[in-house]
Amino acid sequence: MVSFVILSLASLSLVMDHGLRNITLKMICDLNCSVVGVEQSGNLLAFVPILLGGCFFIFKFAGKWFNHNKSIIFRGLSIAAITLLISQIMISSYNVPLNVQTAGSDCFDSDPLFVEAQKTYSGEECLGCHRQVTPNIFVQWNQSEHGMNSVYCDSCHGSNHEALIWPTGQQCKTCHQTQVEQFIKGKHHLAWLSGDVIARNVLQLDETITWKGCGYCHRIGSSGNTTNWGPNTPGVATTAGSKCDSCHTRHSFSIIEARKPEACSNCHMGFDHPTYEMYMSSKHGVIYSTRGDEYVWDYPYNEEWPNEAPVCITCHMDRGNHEAITAYRFYGVLGPDVGPLKEDSEWATDNAEVLKGLGVLTPDGQPGVIFDAVKDLRIATLSDEEFNQIIESELEICYRCHSQTYVDHQFNHYEEVTKQSIHLLAEGVRIVAELYEDGTIEKPESYPYNYPFMLAFYNSPTPIEQDLYLMLEKWHNRMFQGSFHESADYMHWEGYAPMKEHLVRMRAEAQRMRLEAKLEQTQPGAPIKLADGGLGLAEITAIVAIIIAIAAILLAVRAERKVKKTT
C-alpha cells in the first residue's frame, strides 16, 4: 500500500506541468490547507490528499484484479517507483533553506506536511507556500542578504495575510535608518512629486500614460498602498515615499547590483537625460567597460570607491550617501545671485530669462507659479551656501584621482559650457516671448502668463514652441550634462549643434508667423507669401505647371523632327 501511494504520488506529480501543480496547490490552500514541506519536493507533498483518495478509489473497484496479479504488479511498480522518484527529485525538488525552522502544527505528531490556514502566518510559514506559488521570488530571497540573515517575509510585508503591507522606505528604515533619511533629502525621493506636478497639473496626462511613461522612473520617490495589498490594490505607486527596490531589485536587494552603472541605466538614458550613454562614451566609461569585471564591488559601506575609474555612485553617492544631489540639478539653472551668477551679469540675465520660460519667475521677474515647487522639490539650487557646499564635495571626489590644477581647469570648462547653453536657450525664449508680446501668438488658457511656457512640453500649441521645448528638454540637457560627464559627442553634436540649428529655424519661423499675421489683418484670405517680396503658393504652382508644359511641347517637337528625318 505504501509503495503504491509513493508511486502514484511521484507519477502524477511528474506528468503535471508546473502551472497545473501551482493551480492545485492554490486550491488546496483555499480549502484551509497550506503547504509547509521540509527537505522534500513540494510538488510531491501538494498531492498527498488527492492521491490518497485516488488510491482508495482504485482498491475499492479493482481489488479482485489486483489480487490475481499482485506479484507481477508489485515487482513492476517497485522498479517504476524507484525510477520516478529519482527523476522527480532531480527535476522539481526545492528545499527550504537550512536556517528555516519548521513550524509546529497539531495536524501531525512529527514534521508536518500541512498546517491549517489562518489569518496570520509567521515568516517560516510563508516560505512553505511561496516556494511553490512564487518559486523565483523564493530563490531570489533565499540567495539574498535577507535570506542569509533570517529576515523573513513578515519583516517587510507583515503577518496578516488579509492586509499585507506594500513595503516602502518606512519598513526599510527599521534596519537601514541612515540610508532612508539620506534618501528622503535627495532628488530621488522628490522625483515622484516633481513628476506629478508636470504630469497631472500641466500636461494633464491620463493614468496609463502617467504610470507607464513618466511614472516608471519617477516612482523611485513614491510608495504603494500600505494596506489591503491584494487583488484589488493598484500595482502602482500612489503617494510620495521611497521605493528602495528601484535600485535594489526585489527580492535580491543587492548592494552590488545598485553600485553598477547598469542599475541607473533604465532611467538615466534616452531623450531628455542620456547620462548613462554619456558616461559609457567617456574615458571613465571605457575603462569600466573594459576592466569593470576586475572591480571590487562588495567593499564595506561608508568607504571610498576602491576601484580605478569612477562609476555613477562614485560621484553621486559618495561613501553610500543616498541623498544624490548635484549643484546644477536637472536643467542647469540657478537661483538669483547663486554661484557664478553673482559675478557674471550676462549669465545671470540669461538664467533669469530661462526661469521665466519655465514659469519659475513671472515675465517681470517676480516669483512665479511654480517658484515654491522648485524650492520645495529642490529642482534648482536657490541658496549660494548650498551651491558652494555641493561644489566643494564634488571637487573633493575628483581630487582623489586628479591634480587640483587639472580638476579646476576642467570644471571651469564645464561651467562655461553650461553658461553658453543657457545663453542659447534664453535666446530661444526671447524669440517666442516677442511673438507673445506683439500678439502674433495668443496666450493659451492653460498658460500662467502671456509668455512661453516650456514645461508644456509636447502640448505646446505652435511649431516654434515645440522647437523651444526640444531645445530645453533635449538639446540643452545634452549639451551641459554631456560636458559634466566628459562626453564630447553628446556635448557638441547632440547638444551645441542642434541648439544653434533650432535657433536658425525659430528665427525664420518667427518672421513667417509675423508676415502671416500681418497679411491676415490687411488682406484676409489672401495667399500667404513665404517672405517679403516672395511669391505665394498658388503663383509658384502656376509657374511650375507652365515650365512643365513648355518642356513637354519642346520634347514633342523634337520627336516629330526625328520621325521626319528617318522617313
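Here are a few exercises on a predicted model, each with a worked solution.

**Exercise 1: Getting your bearings**

Work out how many helices and strands the chain has, and what share of its residues is buried.

*Solution.* Start with secondary structure: there are 25 helices and four strands. Next, burial: 41% of the 567 residues are buried. Then look at contacts: among those with a separation of 6 or more, 64% join residues 24 or more positions apart. Finish with the outside: the accessible surface is about 31,400 Å², and carbon and sulfur atoms own 58% of that.

**Exercise 2: Classifying a ring pair**

Decide whether the pair Tyr295 and Trp297 is stacked, edge-to-face or tilted, and whether its members are buried or exposed.

*Solution.* A whole-structure search turns up 21 aromatic pairs. Tyr295 and Trp297 are one of them, with ring centres 5.6 Å apart and planes at 45°. Stacked would need an angle under 30 degrees and edge-to-face one over 60, so this pair is tilted. Now burial, where the cut-off is under 20% relative accessible area: Tyr295 has 8%, so it's buried, and Trp297 at 10% is buried too. Zoom out, and both rings belong to one aromatic cluster with Tyr279, Tyr288, Tyr299 and Trp305. Tyr299 also has a charge over its ring: the charged end of Arg259 sits 3.8 Å from the centre. For another case, try Tyr216, where Arg219 lies over the face at 4.6 Å from the ring centre.

**Exercise 3: Sorting salt bridges**

Find which parts of the chain the Glu427 and Arg507 salt bridge ties together, then check how exposed its partners are.

*Solution.* The structure has 23 salt bridges. In this one, the closest N and O atoms of Glu427 and Arg507 are 2.3 Å apart. Glu427 is in helix α22 (residues 404–437) and Arg507 in helix α24 (residues 488–522), so the bridge ties together parts 80 residues apart in sequence. Both partners are partly exposed, Glu427 at 22% and Arg507 at 39%. Elsewhere, shared partners link Glu304, Asp318, Arg319, Glu396 and Arg400 into one salt-bridge network. Inside that network, Asp318 and Arg319 meet at 3.0 Å, N to O; Asp318 is buried at 16%, whereas Arg319 is partly exposed at 34%.

**Exercise 4: A nonpolar patch**

Identify which residues make up the nonpolar surface patch that includes Ile548.

*Solution.* The members are Ile540, Val544 and Ile548, with about 240 Å² of accessible area together. Ile548 sits in helix α25 (residues 537–566), and its 54% relative accessibility makes it exposed.

Note on methods
Residues numbered from 1 in each chain as written. Predicted model: local features only at pLDDT ≥ 70, side-chain atom pairs only at ≥ 80, totals over all residues. Heavy atoms only, no water. Phe/Tyr/Trp six-rings, centres within 6.5 Å; stacked < 30°, edge-to-face > 60°. Buried < 20%, exposed > 50% of the residue type's maximum accessible area, 1.4 Å probe, protein only. Lys NZ or Arg CZ within 6 Å of the ring centre and 35° of its normal. Patch = residues over 30% accessible without salt bridge, like charges linked within 9 Å, V, L, I, M, F, W, Y side chains within 5 Å. Areas by Shrake-Rupley, 256 points an atom, 1.4 Å probe, with all protein chains shown as cover. Salt bridge = Lys/Arg side-chain N within 4 Å of Asp/Glu carboxyl O. Helix = DSSP H or I, 4+ residues; strand = E, 2+ residues; numbered from the N terminus. Contact = heavy atoms within 4.5 Å.
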